[in-house]
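This report describes one protein chain for a reader who has not met it before. Please look at the sequence and the structure shown here before reading on.

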Amino acid sequence: MTERIKERKEEVFNILSDKGEMSTSELVRLTGLTHSQAFYILRLLLKEGRIEEIKRGKVAYWRVKVKT
């Protein structure tokens, strides 16, 4: 994993931590990443168990996973 990807992962994770639940499109707007770049980062964070995906119709929302 490159440094740039690590930085983007932390940026996206911090945004979700600060702002709560967000759609992929909202994250794209805030970060300036392309939709595919943002989705790639979100999938990495999801795989690591740091965030979770909530589907509402066709729209995916993302939030920091609450540790239980």
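Lysine 58 is exposed, because its relative accessible area of 85% lies above the cut-off of over 50% that defines the exposed class. The residue sits in the loop between β2 and β3. From C-alpha to C-alpha, lysine 58 lies 17 Å from alanine 38, and the two are 20 residues apart in sequence. These values, like the others in this report, come from a predicted model.

The loop that holds lysine 58 belongs to a hairpin. Strands β2 and β3 form this hairpin with two residues between them. Glycine 57, in the turn, has a positive phi of about 65°. The two strands run antiparallel and are joined by six bridges. Among the residue pairs of this pairing are isoleucine 54 with tyrosine 61 of β3, and lysine 55 with alanine 60 of β3.

The hairpin is part of a sheet. Three strands make up this open sheet, in the order β1-β3-β2, with antiparallel pairing. Strands β1 (22–23) and β2 (51–56) are at the edges, and each has a single partner strand, so one side of each is left without a neighbour in the sheet. Strand β3, which covers residues 59–64, is joined to β1 by two bridges, and these two strands run antiparallel. Here serine 23 stands opposite tyrosine 61 in β3. Tyrosine 61 is also the bridge partner of isoleucine 54.

Two residues of helix α2 offer a contrast with the loop residue. Helix α2 spans residues 24–31 and includes threonine 31. Serine 25 is found in helix α2 as well. Threonine 31 counts as buried because its relative accessible area is 16%, where the cut-off for the buried class is under 20%. Serine 25, at 42% relative accessibility, counts as partly exposed.

What does threonine 31 touch, leaving out residues up to four places away in sequence? Its contacts are Glu11, Val12 and Ile15. The C-alpha atoms of threonine 31 and glutamate 11 are separated by 8.0 Å, although the two residues are 20 residues apart along the chain. Serine 25 and valine 59 are 34 residues apart in sequence, and their C-alpha atoms are 9.2 Å apart.

The three C-alpha distances given above are set out together here.

| Residue pair | Separation in sequence | C-alpha distance |
|---|---|---|
| Threonine 31 and glutamate 11 | 20 residues | 8.0 Å |
| Serine 25 and valine 59 | 34 residues | 9.2 Å |
| Lysine 58 and alanine 38 | 20 residues | 17 Å |

The whole chain can now be considered. It contains three helices and three strands, and along the sequence they follow the pattern α-β-α-α-β-β. The radius of gyration of the protein chain is 11 Å, close to the 11 Å that the globule rule gives for 68 residues, so the chain is as compact as a globular protein of that length. Along its principal axes, the C-alpha trace spans about 30 × 30 × 20 Å.

Of the 68 residues, 34% count as buried. The accessible surface of the protein chain comes to about 4700 Å², and carbon and sulfur atoms account for 50% of this area. Among contacts with a separation of 6 or more, 47% are between residues 24 or more positions apart. The chain carries 15 positive and 10 negative side chains, and the centres of the two sets lie 5 Å apart.

How values were computed: Residues numbered from 1 in each chain as written. Predicted model: local features only at pLDDT ≥ 70, side-chain atom pairs only at ≥ 80, totals over all residues. Heavy atoms only, no water. Helix = DSSP H or I, 4+ residues; strand = E, 2+ residues; numbered from the N terminus. Rg over C-alpha atoms; globule rule 2.2 N^0.38 Å. Buried < 20%, exposed > 50% of the residue type's maximum accessible area, 1.4 Å probe, protein only. Contact = heavy atoms within 4.5 Å. Areas by Shrake-Rupley, 256 points an atom, 1.4 Å probe, with all protein chains shown as cover. Lys, Arg positive; Asp, Glu negative; His and termini not counted. Charge placed at Lys NZ, Arg CZ, Asp CG, Glu CD. Pairing = 2+ DSSP bridges.
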